[in-house]
Amino acid sequence: MDYIKQRFFEKGTVARAQIAELLSKSKDLIVDEVTVGNVLGGMRGVTSLLTLTSKLDPHEGIRYRDYKLRDLYAHLPRKKGGSEPLAEGVFYLLLTGDIPTSEEVEYIRQDWVQRSEVPPHVFKAIDALPSTSKPMTRFATGILAAATQSQFQKKHRSGLRKEDYWDSTYEDVMNMLAQLPVIASYIYRTEFCDGNPIALDPDLDWSANFAHMMGFNDEEMYRLFRMYMFIHADHEGGNVSAHTSHLVSSALSNPFYSYAAGMIGLAGPLHGYANQEVIRWINDMYKHYNKTIDNPLTLEEVTSFVNQTLDEGKVIPGYGHAVLRATDPRFTTQLEFAEKHIDNDSMIETVKMLFQVVPEVLQERGKAKNPWPNVDAISGSLLLHYGIKDYIFYTVMFGVSRALGVGTQNIWDRFLGMSIERPNSQTLDWFMDFVKEAK
Ligand SMILES: CC(C)(COP(=O)(O)OP(=O)(O)OC[C@H]1O[C@@H](n2cnc3c(N)ncnc32)[C@H](O)[C@@H]1OP(=O)(O)O)[C@@H](O)C(=O)NCCC(=O)NCCS
């Protein structure tokens, strides 16, 4: 068995025994209660999923396995002389729970390079879409087209024992991860550049290769991409993209299908699309006050525009969260990155002004449970600073990173033999009667 697979198999065998014990001894233990408010409020806060890869604490933010993001800077392998963790190491950590050695990271890097050839029909499927189709439509189409390679699907159709599901799922996830930067950068090159794809560099790591294939070839860009891929990788199991992937996968759809489904969820403005919305909204603010990069917005203008947006019944993109109740550490990581590496950028200055203004305004208005910035409040301004001007591509970049978490969750789901998801639903009459009886 392949080395990384073997490491996962050992961890998985222990977890399988724990699941078997939970099911045999504690199946009827009550975990949580469900109120009418929960049902009508998107099941917010109801514990009903098992996710091994990460955990989101409302105040501390995300932990990949046992580690806060900040601590992983010190623990995860980096490129010689580099400051940002490598995505290969993030994958290993999410999959096994252990910090990898540099050799293990290099093993995965080489494995992904070898698996990176994308079947030509994937590009044809993307090219067949009309010019009006959005980058996320192209991305999801490319992923679906890539599903022809699915080993899980082939093996399952020819008869596969449940305990072996994980093996071909692992192969699919590894192939998909290896190919995603190639697919995403093809979309970027064809939609926003000269249309000529750039070949993968077999000596670069996954994140740097993504930058390279998009057409950016310097250490500064590699550093930005490593940071970006690191912080967006996973956000436990209940967020829309991870949960959608989990749900679709629970019907034994192949990993390409389930991840593509998750990407369709990520494309929503309340989820990953918010990183584009932030830039669009700030641009609107500049236009509204007839301001330019050289003639920046004032604090008063920013405050007034925030209030105007809320008065129009819109949300402030990049602020608020369904779980977090503090500033997202992924926001802080990016802010620190900007402070360390970027001088005098008017968009980033506006983002900082918004950080001064929005929490106070949202608190005063008293509606949003979390007035603090999330990951999307700043990510676009960094990408913009480094020359990725076509912000409608940003959610694709988020999606490439998120595959690390969704993919490892998928392998775990298969290893643990998770059941098909099928919650109960009731009619409105049932709820009305239920409430009447309860009273
Ligand atoms: C992320 C988000 C969808 C979470 O939604 P949620 O869990 O329902 O949030 P809350 O419980 O705090 O919502 C309570 C109310 O405050 C509002 N609210 C929450 N965040 C808000 C924001 N950034 N701006 C204005 N209003 C906001 C909600 O729309 C809701 O209003 P309603 O009762 O009229 O429907 C929400 O904060 C939001 O829309 N943020 C902006 C989009 C964004 O940045 N998304 C990326 C998230 S990582």
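**Notebook: loops and helix pairs**

I started with Arg325, which sits in the loop between helix 15 (299-311) and helix 16 (329-341). This is a predicted model, so I keep that in mind for everything below.

Is Arg325 buried or exposed? I get 12 other C-beta atoms within 10 Å, and a residue with 12 or fewer counts as exposed, so Arg325 is exposed. Leaving out residues up to four places away in sequence, I find Arg325 touching Pro58, His59 and Asn370. I also checked Arg325 against Leu95: they are 230 residues apart in sequence, and their C-alpha atoms are 27 Å apart in space.

**Whole chain**

Next I stepped back to the whole chain. I count 20 helices and three strands in it. The radius of gyration comes out at 22 Å, close to the 22 Å that the globule rule gives for 439 residues, so the chain is as compact as a globular protein of that length. Along the principal axes, the C-alpha atoms fill a box of roughly 65 × 65 × 45 Å.

How much of the chain counts as buried? I get 44% of the 439 residues. I then looked at contacts between residues at least 6 apart in sequence, and 73% of these join residues at least 24 apart.

**Ser83**

Back to single residues. I found Ser83 in the loop between helix 3 (69-75) and helix 4 (87-96). Ser83 has 13 C-beta neighbours inside 10 Å, so I put it down as partly exposed. Which residues does Ser83 contact, leaving aside neighbours within four places in sequence? I noted Arg78 and Arg223. For a long-range check I took Asn290, which is 207 residues from Ser83 in sequence and 39 Å away in space, C-alpha to C-alpha.

**Helix 4 with helix 19**

Helix 4 follows the Ser83 loop, and I looked up its packing on helix 19 (residues 394-415). The angle is about 30° and the axes are 9 Å apart. Angles under 35 degrees count as roughly parallel, so helix 4 is roughly parallel to helix 19. I have the crossing of helix 4 and helix 19 as right-handed.

On the helix 4 side I listed Ala87, Val90, Phe91, Leu94 and Leu95, which meet Leu404, Gly405, Thr408 and Ile411 in helix 19. By type, the residues of this contact divide into seven nonpolar, two polar and no charged.

**Gln149**

I placed Gln149 in the loop between helix 7 (135-146) and helix 8 (151-157). With 19 C-beta neighbours inside 10 Å, Gln149 counts as partly exposed, because 20 or more would be needed for buried. Beyond its neighbours within four places in sequence, I see Gln149 in contact with Pro119 and Asn175. I also looked at Gln179, 30 residues from Gln149 along the chain, and got 11 Å between the C-alpha atoms.

**Helix 9 with helix 10**

My last stop was helix 9 (residues 165-192) against helix 10 (residues 206-214). They pack at an angle of about 25°, with axes 8 Å apart. Helix 9 and helix 10 are therefore roughly parallel to each other, and their crossing is right-handed.

What makes the contact? From helix 9 I wrote down Pro181, Val182, Ala184, Ser185, Tyr188 and Arg189, and from helix 10 Trp206, Asn209, Phe210, Met213 and Met214. I sorted the residues of this contact into eight nonpolar, two polar and one charged.

Methods. Residues are numbered from 1 along each chain as its sequence is written. This is a predicted model: local features need pLDDT of at least 70, side-chain atom pairs count only at pLDDT 80 or more; totals for chains, interfaces and linings use all residues. Helices (H or I, at least four residues) and strands (E, at least two) are DSSP runs, numbered from the N terminus. Two residues are in contact if their C-beta atoms, placed from the backbone, lie within 7 Å. Axes are lines fitted to C-alpha atoms, for helices over the stretch in contact, and angles run from 0 to 180 degrees between N-to-C directions. Angles under 35 degrees count as roughly parallel, over 145 as roughly antiparallel, 65 to 115 as roughly perpendicular and the rest as oblique. A crossing is left-handed if the near helix is turned anticlockwise from the far one by less than a right angle, and right-handed if clockwise. Ala, Val, Leu, Ile, Met, Phe, Trp, Tyr, Cys and Pro count as nonpolar, Asp, Glu, Lys and Arg as charged, and the others, Gly among them, as polar. The radius of gyration is taken over C-alpha atoms; the globule rule is 2.2 Å times the number of residues to the power 0.38.
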